[in-house]
Amino acid sequence: MTQISIWRWPTHNGLPPLPAVASVVTVLTAMWLTVSLVEVDVARLVGSLSKMLSFAGNMFVMPDWKYLPQLLVKMLETIEMTFLATAIALFVSLPLGLLAARNATPHVIIYRLVRDLLSLMRALPELVWALVFVSAVGLGTLPGVMALAFVTVGFMGKFFAESIEVVDHKQVEGVTAHGAGWFQVRIFGMLPQALPDFIGTVMYILDHNLRAATVLGLVGAGGIGYDLVMSMRLFQYDRLLPIAVAIYLVVTLLDRFSDQLRSRIIHGVQAKI
Amino acid sequence: MSIISIKSATKRFPNGFEAIKGITADIAAGSFTVILGPSGAGKSTLLRLMNGLETPTGGSIHITGETLGKSNLRKMRSCVGMVFQQFNLVERLSVVTNVLTGRLAHRSWLGSLFYLFRNEDMEIAQEALARVGLTDKAWNRADKLSGGQQQRVGIARALAQRPKVILADEPVASLDPVSSEEIMMLLREICDRDGITVVVNLHQVDLAKRFADRIIGMNSGRVVFDGTPAELSPLTLQAIYKRDEIKDDTNLNLALAYA
């Protein structure tokens, strides 16, 4: 073999590994093939720059202060929807997650069935389920919460199952060996180990649900989304800005809070941030 | 009287490896038995068979006269405690909760759903922790303890279930010499004072000689020695640690010269 360079990859022949090369080539080819399909047009992007700027310019107007109380109520409604839907989903997905984890499920058939059920629940986005529930129970926050909780179970159950599957088997065996029953092994051996992952999942989903809840207003399923869309349609820029800022603030606060909680649970004692 | 009897047990794993090739042995109640053997001899598998963590492919295991099977597994385990090489504590739970998991065999699943125990369980757990000298660590998280301390929690967990037998699978293999000594002394004391039968897998010949009443030597799935520590001669040690694929094993002779 001729050595042309002093550099080599950590493989037998020093060349880059075939799977890595193949995937890079595949991705690049796919991108090249699809560029025309999605109409990526540089001229159009540059041409619309001025329109984007003028829209952004419109945003920076004096906010409509009289609108603030209503904004607060709507924002609170959105937060309530988020927490309620996530809490409902939490209770449903814990047992489902247990059944959908390969190492915790009572039977392979149940494992497959629950997995399929979960993917069905998250197959369609919240907005579509919201449309379904709005036509079923009418306008308001109820269909919003239902739609959110429904899709969340689909995601949360899957995430829970996956964090149970990576649990250390040694610790599970430690509990099993002392005569703990089927259920006790899961409660004492698996759940404590999966807990940090669970918290992470719940926090991520809360974050996601908050944003999803803002969108649900689009189809009349309650929350801030309706105001957001209406003010955009009616060019009420003095309302648009406070709404955007309020959503940003809530998402950021939630993020801070979740970081705190997570490190506390992972390290057991109060963490220094 | 024998508390554990193994009747021509064999174990073949799904990958075709035969770890136990027909072993028959009786273990007397209240005795301290050490199983010696090279890595891969089947020591761990034999111990796991006695706790039902593995099921034998042939033969049977009897504990206090009852045959170990699927239906009585939980009941049998409630009188056989197990101590592991890697401690196998649930690291995110407190020390005392880990010890309390030794009581689970006596509690129903409904209470366990809410992590509930009885007051008497807590007393037993505290008592067990006092035995291993870790009362002041009771509320620490298990993973904050040193290796030697974690192993003592493991022993406390086994004690908390009030077992007739304690099986210890290489309990000192991950520990320093001083902690190893402490753990072995603790196990010996439990055997002497509480009359609990102890079966220990070991790699250290010297520890085996000092602590055991009886030594069982294993090599590639078979018993090659069974006797008192005094009967353990350099020749029998060679039989235990010999490696089939290597002739004139100088490493073996060298290692055993210091054993």
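Let's start with the sheet in chain B of this predicted model. Six strands make up an open sheet here, and their order is S6-S7-S8-S3-S9-S10 in chain B. The pairing within that sheet is mixed. At the edges you'll find strand S6, residues 80-83, and strand S10, residues 222-227, of chain B, each of which pairs on one side only. From one strand to the next, the twist averages 20°.

Now, please zoom in on strand S9 of chain B, residues 214-219. How many of the six residues of S9(B) are buried? Five of them are, so S9(B) is largely enclosed by the rest of the structure.

Let's take the two neighbours of that strand in turn. On one side is strand S3 of chain B, residues 32-36, which pairs with S9(B) in the parallel sense over four bridges. If you want a residue to click on, B:Ile35 has B:Ile216 in S9(B) as its bridge partner. On the other side is S10(B), and here S9(B) pairs in the antiparallel sense, over five bridges. B:Ile216 turns up again in this pairing, standing opposite B:Asp226 in S10(B). Further along, B:Met218 has B:Val223 in S10(B) as its bridge partner. A general reminder while you look at this region: side chains in a regular strand alternate between the two faces of the sheet.

S9(B) and S10(B) also form a hairpin, with two residues between the strands. Which residue in that hairpin takes a positive phi? That would be B:Ser220, with phi near 35°.

There is another sheet in chain B, so let's swing round to that. This open sheet has four strands, in the order S2-S1-S4-S5, and the pairing is antiparallel. Its edge strands are S2, residues 18-28, and S5, residues 66-67, of chain B, and each pairs on one side only. Strand S4 of chain B, residues 58-63, runs antiparallel to S5(B), and two bridges join them. In that pair, B:Ile63 stands opposite B:Glu66 in S5(B).

Stepping back to chain B as a whole, we have 10 helices and 10 strands. The radius of gyration is 19 Å, close to the 18 Å that the globule rule gives for 259 residues, so chain B is as compact as a globular protein of that length. Its C-alpha trace spans about 60 × 40 × 35 Å along the principal axes. Of the 259 residues of chain B, 44% count as buried. And for those of you who like contact maps: among contacts in chain B between residues at least 6 apart in sequence, 67% join residues at least 24 apart.

Next, the place where the chains meet. The contact draws 19 residues from chain A and 25 residues from chain B. On the side of chain A that touches chain B, the elements giving two or more residues are helix H8, residues 169-176, and helix H9, residues 182-216, of chain A. Which of these gives the most? H9(A) does, with eight residues. As for the make-up of that side of chain A, the residues divide into eight nonpolar, nine polar and two charged.

Let me finish with two residues of chain A. One is A:Thr86, which sits in helix H4 of chain A, residues 68-99. Is A:Thr86 buried or exposed? A:Thr86 counts as buried, because 23 C-beta neighbours lie inside 10 Å. Leaving aside neighbours within four places in sequence, A:Thr86 is in contact with A:Thr152, A:Val202, A:Ile205, A:Leu206 and A:Asn209. A:Leu148 is 62 residues away from A:Thr86 in sequence, yet their C-alpha atoms are 7.7 Å apart in space.

The other is A:Pro16, in the segment before helix H1 of chain A, residues 18-34. A:Pro16 is exposed, with 12 other C-beta atoms within 10 Å. Beyond its neighbours within four places in sequence, A:Pro16 is in contact with A:Trp9 and A:Val21. The C-alpha atoms of A:Pro16 and A:Leu96, 80 residues apart along the chain, are separated by 43 Å.

And the helix that follows, H1(A), is hardly covered: among its 17 residues, the count of buried ones is zero. H1(A) reaches 24 Å from its first C-alpha to its last, close to the 24 Å expected at 1.5 Å a residue.

That's my tour, and thanks for listening!

Definitions and conventions: Residues are numbered from 1 along each chain as its sequence is written. Chains are lettered from A and ligands numbered from 1 in the order in which they are written. This is a predicted model: local features need pLDDT of at least 70, side-chain atom pairs count only at pLDDT 80 or more; totals for chains, interfaces and linings use all residues. Two strands pair if DSSP finds at least two bridges between them. Axes are lines fitted to C-alpha atoms, for helices over the stretch in contact, and angles run from 0 to 180 degrees between N-to-C directions. Two residues are in contact if their C-beta atoms, placed from the backbone, lie within 7 Å. Ala, Val, Leu, Ile, Met, Phe, Trp, Tyr, Cys and Pro count as nonpolar, Asp, Glu, Lys and Arg as charged, and the others, Gly among them, as polar. The radius of gyration is taken over C-alpha atoms; the globule rule is 2.2 Å times the number of residues to the power 0.38. A residue is buried if 20 or more other C-beta atoms lie within 10 Å of its own, exposed if 12 or fewer, and partly exposed in between; C-beta atoms are placed from the backbone. The expected span of a helix is 1.5 Å times one less than its number of residues.
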